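User: Hi, can you walk me through this one? I'm new to reading structures, so keep it plain.

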Amino acid sequence: MSAVAEAIAEGRVGERLWLYPNYHCNLRCTYCLTESAPSVARRLLGPETIVERVHEARALGFTGVGITGGEPFLLDWMPELLVELAEILPVIVLSNATLFTGQRLTALEPLAGLPIHIQISLDSAEPRVNDEMRGPGNFAKVVAAISELVRRGIGVRLATTLEDPASHDAEELERLCELHRSLGVGDEDHVVRPIIRRGRAATGDMGVPAGADELEPELTITADGAFWSPFGPTVRAGALDTDLLVTRTTSPLAVAAGALVRVVGGRAAGHDARLGIR
Ligand code: SF4
């Protein structure tokens, strides 16, 4: 067994390879780690590159793939790419779900029944509270999109990002859980996590600090290099953060994965328990 496969099997490195296809977004959330917005630098990774990296990932022992950004569904080729990736490894793709109407919604129909989950952000059962952070009209668009996806048999997960999950109003959170259950998304598909103090959240003095000591090592590939975690390749004041950059070399993937395993060293599995976000 290779050192990378061993590290994954022992839980010292996360079993999912993350990729950033883009950094731009139709939204501009107050806590966005990547300072995403419509006009930011795109930092694109093309579909051929992503497919190549995911084939390599499977050969190295990774058991899943995560796609994040930016808003991945701004890229017209994303649905087709996801179908191709799902033939290699199970996929989770993070989205704000505000683009899922008309032709963009129809384009998602081939995802039904495949090992693909779209992880959608919704932060509160109160539209006003949710929309304060994610933009006007966000709540209504997201709730409508979840219904449409579930109705089509497409896998949906929900992600709720809170300033401090431990001290959050339990009744308010329960109302959100009642809402997602009513939309057909079970408790096992709802993750609640803190705002990470990086990117726009750091500028706005929000969230909890997170570096290598708090974050599980999960190999993350962007156009700029390989990072420690999907929470690593963040942007502040327009500049890429490099404190969690592992190497600029992303091809072949074995070089990047080997570099991460070396940096992780003998760190025991579960070292990330302080934040516990994945
Ligand atoms: S948090 Fe997500 S949806 Fe919001 S601006 Fe950033 S990338 Fe876009």
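User: What's around the ligand, by residue class?

Analyst: The shell around the ligand divides into 4 nonpolar, 5 polar and 2 charged residues. Keep in mind that this is a predicted model.

User: Which residues are around the ligand?

Analyst: They are C25, L27, R28, C29, C32, T34, S36, G69, G70, E71 and N96.

User: What kind of peptide bond joins G69 and G70?

Analyst: A cis one, with omega at about 25 degrees. G70 sits in the loop between β2 and α3. For background, most peptide bonds are trans.

User: Where else is there a cis peptide bond?

Analyst: Between S251 and P252, where omega is about 0 degrees. P252 belongs to the loop between β11 and α9.

User: What about phi of R43, positive or negative?

Analyst: Positive. Phi of R43 is near 50 degrees, and R43 is not a glycine. Most residues other than glycine have a negative phi. You'll find R43 in the loop between β1 (16-19) and α2.

User: New topic: the sheet. How many strands, and in what order?

Analyst: It is an open sheet of 9 strands. The order is β6-β5-β4-β3-β2-β1-β7-β8-β11, and the pairing is mixed.

User: Which strands are at the edges?

Analyst: β6 (190-194) and β11 (245-247). Each of these pairs on one side only.

User: And how much are neighbouring strands turned against each other?

Analyst: By 25 degrees on average, ignoring direction.

User: What holds paired strands to each other in general?

Analyst: Strands of a sheet pair through backbone hydrogen bonds, either parallel or antiparallel.

User: So β3 and β4, parallel or antiparallel?

Analyst: Parallel. Strand β3 (residues 91-95) pairs with strand β4 (residues 116-121) over 5 bridges. As a spot to look at, L94 stands opposite Q119 in β4.

User: Which strands does α3 lie across?

Analyst: β2 (64-67), β3 and β4. Helix α3 runs at about 155 degrees to β3.

User: And which strands does α9 touch?

Analyst: Helix α9 (residues 253-264) packs on the sheet and touches β7 (220-222), β8 (225-227) and β11. The direction of α9 makes about 125 degrees with that of β11.

User: Now helix against helix. How do people describe that?

Analyst: Two packed helices are described by the angle between their axes and the distance between the axes.

User: OK, what are the angle and distance for α2 and α3?

Analyst: Helix α2 (residues 47-60) and helix α3 (residues 78-86) pack at about 15 degrees, with axes 10 Å apart. Angles under 35 degrees count as roughly parallel, so α2 and α3 are roughly parallel to each other. Their crossing is right-handed.

User: Which residues meet there?

Analyst: From α2, P47, I50, V51 and V54. From α3, L81, E84 and L85. By class, the contact of α2 with α3 has 6 nonpolar residues, no polar ones and 1 charged.

User: What about α5 and α6: at what angle do they cross?

Analyst: Roughly 105 degrees. The axes of helix α5 (residues 127-134) and helix α6 (residues 138-151) come within 8 Å. That crossing makes α5 roughly perpendicular to α6.

User: Who makes that contact?

Analyst: P127, N130, D131 and R134 of α5, with N138, F139 and A140 of α6. This contact of α5 with α6 has 3 nonpolar, 2 polar and 2 charged residues.

How values were computed
Residues are numbered from 1 along each chain as its sequence is written. This is a predicted model: local features need pLDDT of at least 70, side-chain atom pairs count only at pLDDT 80 or more; totals for chains, interfaces and linings use all residues. Axes are lines fitted to C-alpha atoms, for helices over the stretch in contact, and angles run from 0 to 180 degrees between N-to-C directions. Helices (H or I, at least four residues) and strands (E, at least two) are DSSP runs, numbered from the N terminus. Angles under 35 degrees count as roughly parallel, over 145 as roughly antiparallel, 65 to 115 as roughly perpendicular and the rest as oblique. A crossing is left-handed if the near helix is turned anticlockwise from the far one by less than a right angle, and right-handed if clockwise. Two residues are in contact if their C-beta atoms, placed from the backbone, lie within 7 Å. Ala, Val, Leu, Ile, Met, Phe, Trp, Tyr, Cys and Pro count as nonpolar, Asp, Glu, Lys and Arg as charged, and the others, Gly among them, as polar. A residue is near a molecule or strand if its C-beta atom, placed from the backbone, lies within 6 Å of it. Two strands pair if DSSP finds at least two bridges between them.
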